[in-house]
Amino acid sequence: MIAAPASDFTELVLHCLAHLRSPGPEDVFDAGYVEWVGHHAPTAHLAALDVGLGRLQRHWSTGKVPVVVQAWPELFPTIAAFREVGPGPLKSLAPSQVAGASVLGWLQRADETIVESVHATLLELMPTFEGWHRDVVRPQLSAAMQSTAPWLEQAVQLMPSLAQRTIEQTSALGRHGRGLPSRILIGAALPFNGLEPQVPAILALHEESVHRAGSGDYHEVEWRALVGLTHRMQGAEPSLRAAHAQWLSSLNLVSVLDAAVARDELDAAGRQQLLAEPLARAQRLLTLGG
């Protein structure tokens with residue numbers, strides 16, 4: 001396993017996404033992060049952020065933002081590399097100019113208005129974000145990794161395939177994780193979000209569970225990952241198991257459970273119990289196949 005803080009470019013993209021409300025499962029809006037940024041980011045950055053997010057939220061509220069936007073961090077390894085391509089539109093970039101050529105291709109085939117709006121916003125935010133991230137955010141991420149490291153090691157023992165993955169901690173994801181083609185991104189346990197150090201390990205386990213869950217639509221794969229991980233957690237250290245149960249209780253599972261009922265993998269009574277008693281979800285999922 002390679003564990004590292006996320007790069008400044010990855011953080012820049014997630015910084016934007018954490019401020020945007022989405023109607024679907026791709027939503028990573030984090031009110032705690034937004035509040036922290038509002039109190040600690042430079043004034044010039046907040047002014048640019050206000051303008052850029054006003055533009056982007058109009059697209060996000062439509063529910064038509066292409067899912068590939070979530071893979072945007074794959075385009076560049078650092079802000080320095082992003083700066084090198086210059087101020088032109090995304091559609092003008094060649095595969096040789098980016099680290100994620102396949103992601104670039106998907107983005108260039110997506111809705112041009114939305115994609116170019118994101119690209120323009122990132123270019124506008126980059127100058128004021130870079131120094132703040134280096135001086136304020138990155139040191140906090142590095143410190144957070146020390147507290148999380150023992151729990152990630154336990155996660156690898158529970159799920160050995162994690163040993164082959166790169167796991168990057170981010171300031172903006174909070175209780176969310178993202179599985180990208182080259183790595184797993186997880187929220188870090190930082191002072192402003194109040195996460196216990198076990199939570200990033202749970203997020204890494206969940207993203208790897210999704211990766212291992214096979215093919216299917218989002219709801220089907222997510223259901224298999226949730227059930228499978230709950231069974232696997234029975235071999236975990238008690239506080240890690242408790243952190244998983246708490247994290248599971250915090251999830252909005254309505255659409256996932258509705259889809260499981262439609263596939264006859266869950267009955268209506270089971271659905272209601274999982275929604276009405278979130279703290280008992282882990283126990284109830286254990287009664288299902290893992």
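Visitor: Let's start with Leu53: does Leu53 count as buried or exposed?
Guide: Keep in mind that this is a predicted model. Leu53 sits in helix α3, residues 43-60. Its relative accessibility is 13%, and the cut-off for burial is under 20%. So Leu53 counts as buried.

Visitor: Leaving out residues up to four places away in sequence, which residues does Leu53 touch?
Guide: We already have Leu53 as a buried residue of α3. With residues up to four places away set aside, the ones Leu53 touches are Cys16, His19 and Leu20.

Visitor: And how far apart in space are Leu53 and Gln70, C-alpha to C-alpha?
Guide: Along the sequence, Leu53 and Gln70 are separated by 17 residues. In space, their C-alpha to C-alpha distance is 16 Å.

Visitor: On to the sheet: in what order do its four strands come?
Guide: This is an open sheet, and its pairing is mixed. On the parallel side of things, four bridges join β1 (residues 2-5) to β2, and four bridges join β2 to β4 (residues 184-187). β3 and β4, on the other hand, pair in the antiparallel sense over three bridges. The order is β1-β2-β4-β3.

Visitor: Which strands stand at the edges of that sheet?
Guide: An edge strand here has a single partner strand, so one side of it is left without a neighbour in the sheet. Across the sheet, neighbouring strands are turned by 20° against each other on average, direction ignored. The strands at the edges are β1 and β3 (177-179).

Visitor: What is the bridge partner of Pro5 in β2?
Guide: The bridge belongs to the parallel pair β1 and β2, which four bridges join. In β2, Pro5 is partnered with Gln169.

Visitor: How many of the five residues of β2 are buried?
Guide: β2 covers residues 166-170 and is joined by bridges to β1 and to β4. The strand is mostly covered. Of its five residues, the number buried is four.

Visitor: Which residue of β4 is the bridge partner of Glu168?
Guide: Take the β2-β4 bridges together: Ile167 is partnered with Ile184, and Thr170 with Gly187. For Glu168, the partner in β4 is Leu185.

Visitor: And which β4 residue is the bridge partner of Arg178?
Guide: Now we're on the other flank of β4, where β3 and β4 form a hairpin with four residues between them. They pair in the antiparallel sense. The bridge partner of Arg178 in β4 is Leu185.

Visitor: Ile184 and Ile186 point one way from β4; which residues point the other way?
Guide: Burial won't help you tell the two sets apart, as all four residues are buried. Direction does: Ile184 and Ile186 go one way, and going the other way are Leu185 and Gly187.

Visitor: Helix α7 packs on the sheet, so to speak; what angle does its direction make with that of β4?
Guide: α7 spans residues 199-212 and touches β2, β3 and β4. Its direction makes an angle with that of β4 of about 145°.

Visitor: How are helices α8 and α9 oriented to each other?
Guide: α8 (residues 218-232) and α9 (residues 238-249) pack at about 155°, with axes 10 Å apart, and α8 passes α9 in a left-handed crossing. The cut-off to apply is over 145 degrees. The two helices are therefore roughly antiparallel.

Visitor: Which residues of α9 meet α8?
Guide: From α8 come Leu226, Leu229 and Thr230. By class, the contact has four nonpolar, two polar and no charged residues. On the α9 side, the residues are His244, Trp247 and Leu248.

Visitor: And what about α2 and α6, how do they lie to each other?
Guide: α2 (residues 31-40) and α6 (residues 112-158) pack at about 135°, their axes 13 Å apart. The crossing is right-handed. At that angle, α2 and α6 are therefore oblique.

Visitor: Which residues of α6 meet α2?
Guide: α2 brings Trp36, Val37 and His40. By class, this contact counts five nonpolar, two polar and no charged residues. On the α6 side they are Trp132, Val136, Val137 and Gln140.

Visitor: One last oddity: what is the phi of Asp264?
Guide: Most residues other than glycine have a negative phi. Asp264 lies in the loop between α10 (254-262) and α11 (268-276), and at 70% relative accessibility it counts as exposed. Although Asp264 is not a glycine, its phi is positive, at about 60°.

Definitions and conventions:
Residues numbered from 1 in each chain as written. Predicted model: local features only at pLDDT ≥ 70, side-chain atom pairs only at ≥ 80, totals over all residues. Heavy atoms only, no water. Buried < 20%, exposed > 50% of the residue type's maximum accessible area, 1.4 Å probe, protein only. Pairing = 2+ DSSP bridges. Axes fitted to C-alpha atoms, helices over the stretch in contact; angles between N-to-C directions. Parallel < 35°, antiparallel > 145°, perpendicular 65-115°, else oblique. Left-handed = near helix turned anticlockwise from the far one by under 90°. Contact = heavy atoms within 4.5 Å. Nonpolar A, V, L, I, M, F, W, Y, C, P; charged D, E, K, R; others polar.
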